[in-house]
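Please look over the model shown here before reading on. The questions afterwards concern a few of its elements and how they are covered or paired.

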Amino acid sequence: MTEPEHGPWPAGRPTGGPPARSVTLTDLLRVPLHRSRLVAALAAAGLLAALGYLLLVPPAVTASAVVAVRPVVTDAFTPSGAGADRAVNMNVESGIATGTEVVRRLADAVGDDPRDVRDALEVEVPTGGQILRFLYRAPGPQRAVRSVNLAADAYLNVRRTMYEQQRAEMLRSYDESIAKVVAQQGEVQKRAGGARDAAVAELAGINSQLTQLNAARTEIAAVDVNPGWVTQVAEKALVSSAGSRVLQPLAGLLGGLLCGVVLAYLWESVDRRVRSVGDGREVSGLPLLGTIRRPPLRGARRAADADLRYVAMAIAERVRQPVRVSLVTAREDPTAFTAGLAVALAADGREVFVADDSGRVERLRAAVLGDRGRLAAPADPARSVVPKPRPAGTAAAGGGPVARPVAARRPSPHPPGARPSTDPDATLTLPRETVARAVVNGRPVADEVPVGLGRVRFGSWRQGADHGLVLYNAPPAEADERGVSIARQGTAVVVVERDRTRQSDLRRLVERLRAAGVTPLGFVLTGNGRA
């Protein structure tokens, strides 16, 4: 039988294009899961950064002190009215508390830079009250307590100095006025010689004015210029942390995780991989021959073996011997898949020749020996390819001589190795793998491994010229063109590895096959790692 002729490559995809597919939550989570190493690395980096910050940077604490602002009046026992907040302009007091003079005095006291002091100092003004709440943030509790108490004292000292200066100016003004009035009084007394009535009246007015000035000066001198007092002194037991140190590692972990997810999406937009069957169909435009699931789990190995048998049936349905099938990939190594496919095809009685010209024959043989116990179906007597013996006296087809019955040889009751020897120097006979080697002109040509009802042979591409079913373990097409070249003499199966094969590489491989005049049977989507 000959291989069926390949039809022409389709002119193009349907004009309608692939049907629109709704994006689900699973599709959104698939990218971070496939880029889990990147996401985990950035999450670990964020966690380590947070831990390093906690270890290297001392914890910032905040201490607070409360100052009650007192209005300065001439009569302290006179009520200021119902609106207590109108007696003192608290906005002005807050500005003075954070002003240059207070910051300078505090910086000189603690020995810090004024800019750092200004950033660490904060003053709060509760609504409707004459209270200033001083807050100071520092690396340690002792320093924070000392600094905030110094800030409250500095504000009171500055405000007291301002009131004292105002009082001194007022007293100086009264003293000057009293001195002038006293001078006038002396002149009037000198002129009070002749017109006593007029001088006495003028002198009485001057004395009254002098009495009023002295009374006003006495009131100003008696004014209490105390601007207020500290109602709550900062203490170590009252300091509060500037942030929960337990939440900071969690924040670093979540921040790194978020950055990892964003970077995973950006990387995925640049480096697109084949993630599903839909991606493989959309990129390659080829029919699906089968998918092979990931085998790492205990129960998934049996499912992956069943997937290989289904792929073998799909390929066997589409080809007729003699056939040459080139298993081509973009950048991946199809050795494991080639060995599994050869075992699955040979299990039903086929003779499969596995060809390789890239030095991977030993790996192919080892993989076949490892897979034949699982993939090969048990021998069925009804399907045995060995002819049954004919009864005595029955003529052979074609008038040949009559076959003589062959006496069956009874098996030995004690086969080698069945009965252990008591001799300590006896030689132990171990079972040996059955690997036949065909010999032509005294040279080995190809290895042969029995698999189920068939057999698998190994060799180069030239050695498989006389075999009916040849699987060529093609090298990656990105670096070697032999796979595509051999596919021109038969057909090709494109092997795609999930999460590893890039969509651009797969698209370029299919275009190369198309340009070479090859119509592939389809593509097989395998799991990560060994197929």
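What follows is a short set of questions and answers.

This is a predicted model, in which local features need pLDDT of at least 70 and side-chain atom pairs count only at pLDDT 80 or more, while totals for chains, interfaces and linings use all residues. Residues are numbered from 1 along each chain as its sequence is written, and side-chain values use heavy atoms, with hydrogens and water left out.

Q: How many residues of helix H11 are buried?
A: Helices here are DSSP runs of H or I with at least four residues, strands are E runs of at least two, and both are numbered from the N terminus. H11 covers residues 335-346 and reaches 17 Å from its first C-alpha to its last, close to the 16 Å expected, that span being 1.5 Å times one less than its number of residues. Buried means under 20% relative accessible area, exposed over 50% and partly exposed in between, with a 1.4 Å probe and protein chains only. Among the buried residues are Phe337 and Leu341, and the buried count in H11 is 11 of 12.

Q: Is Leu25 buried or exposed?
A: Leu25 lies in helix H1, which spans residues 25-34. Because its relative accessible area is 60%, Leu25 is exposed.

Q: In which sense do strands S8 and S11 pair?
A: Two strands pair if DSSP finds at least two bridges between them, and S8 (residues 351-355) shares 5 bridges with S11. Ala355 stands opposite Gly459 in S11, a strand with 5 of its 6 residues buried. The sense of the S8 and S11 pairing is parallel.
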